[in-house]
Amino acid sequence: MIARQSYLLLTSLAAGFALAGCTIIPPAEPQSAPLPPQEQTNDAPTGEQAPLTYAALGQSVDVDGPRVMPLEVLEDSRCPMNARCVWAGQVRLRIRIDLGSGSTTREIASGKPLQVADGSLELVEVRPDRVAGGESGGVIDPGTYRFGFRFMGGL
């Protein structure tokens, strides 16, 4: 009898932990104003980091050396801004990189620098934030994505 009660308690706890992985907070208004097609910001107060260069899907931009064009969102598993998640998630893109020596198609993931020529290209920021629930069901229209890239190094 004690073993059965212990089993039921452990099963209940395991189910509770599994359901607690991602909790939705009341919906917030999604970002409605589209961002400019290309925007450069320097988010480092000391000027030590290169500025971010933003691009939309299908837009080719110069990122301090290489030209980068986001082609396709392969994954957007970011935690919605109105939820608490165990894992922050990531964004993976298929991009085209144009260098003086030619073009290549590569995959890049947010927060994971990609070796390009003699430097590294990083997907630093993705806009808009994901929102759980609401009219869109948490799905982002591909035309509203803006990807903030940074290149560290030199060509």
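**Exercise 1. Pick out Leu 121 in this predicted model and list which residues it touches, not counting residues up to four places away in sequence.**

Step 1. Start with the part of the list that has lower numbers: Leu 121 touches Val 63, Val 68, Ile 95, Ile 97 and Ile 108, among others.

Step 2. Carry on along the chain, and you will find Lys 112, Pro 113, Leu 114 and Val 116 on the list as well.

Step 3. Finish with Phe 149, Arg 150 and Phe 151, which Leu 121 also touches.

**Exercise 2. Find out which residues of the largest nonpolar core touch the most other members.**

Step 1. This core has 19 residues.

Step 2. Those that touch the most other members are Leu 93, Ile 95, Leu 121, Leu 123, Phe 147 and Phe 149. So our friend from the opening exercise, Leu 121, is one of them.

Step 3. Now look at the elements: β7, β9 (114–116), β10 (119–127) and β11 (146–152) each give two or more residues to the core. With 4 residues, β7 supplies the largest share.

**Exercise 3. Trace how strand β5 is joined to strands β4 and β7.**

Step 1. Take β4 (residues 61–62) and β5 (residues 67–76): they run antiparallel and are joined by 2 bridges. One pair to look for is Asp 62 with its bridge partner Arg 67 in β5.

Step 2. Inspect the turn. The two strands, β4 and β5, form a hairpin with 4 residues between them, and Asp 64 in that turn has a positive phi of about 50°.

Step 3. Turn to β7 (residues 91–99), which is antiparallel to β5 and joined to it by 8 bridges. Here Pro 70 stands opposite Ile 95 in β7.

**Exercise 4. Locate the disulfide and work out its handedness.**

Step 1. Searching the whole structure gives 1 disulfide. Its partners are Cys 79 and Cys 85, with an S to S distance of 2.2 Å.

Step 2. The torsion about the S-S bond is about 80°, so this disulfide is right-handed.

Step 3. Are the two cysteines buried or exposed? Buried would require under 20% relative accessible area, and exposed over 50%. Cys 79 has 21%, so it counts as partly exposed. Cys 85, at 28%, is partly exposed too.

**Exercise 5. Step back and describe the whole chain.**

Step 1. Count the elements: there are 1 helix and 11 strands. Along the sequence, the pattern is α-β-β-β-β-β-β-β-β-β-β-β.

Step 2. Consider burial: of the 155 residues, 32% are buried.

Step 3. Check the contacts with a separation of 6 or more: 52% link residues 24 or more positions apart.

How values were computed:
Residues numbered from 1 in each chain as written. Predicted model: local features only at pLDDT ≥ 70, side-chain atom pairs only at ≥ 80, totals over all residues. Heavy atoms only, no water. Pairing = 2+ DSSP bridges. Core = buried A, V, L, I, M, F, W, Y, C linked by side-chain atoms within 4.5 Å. Buried < 20%, exposed > 50% of the residue type's maximum accessible area, 1.4 Å probe, protein only. Contact = heavy atoms within 4.5 Å. Disulfide = S-S within 2.5 Å.
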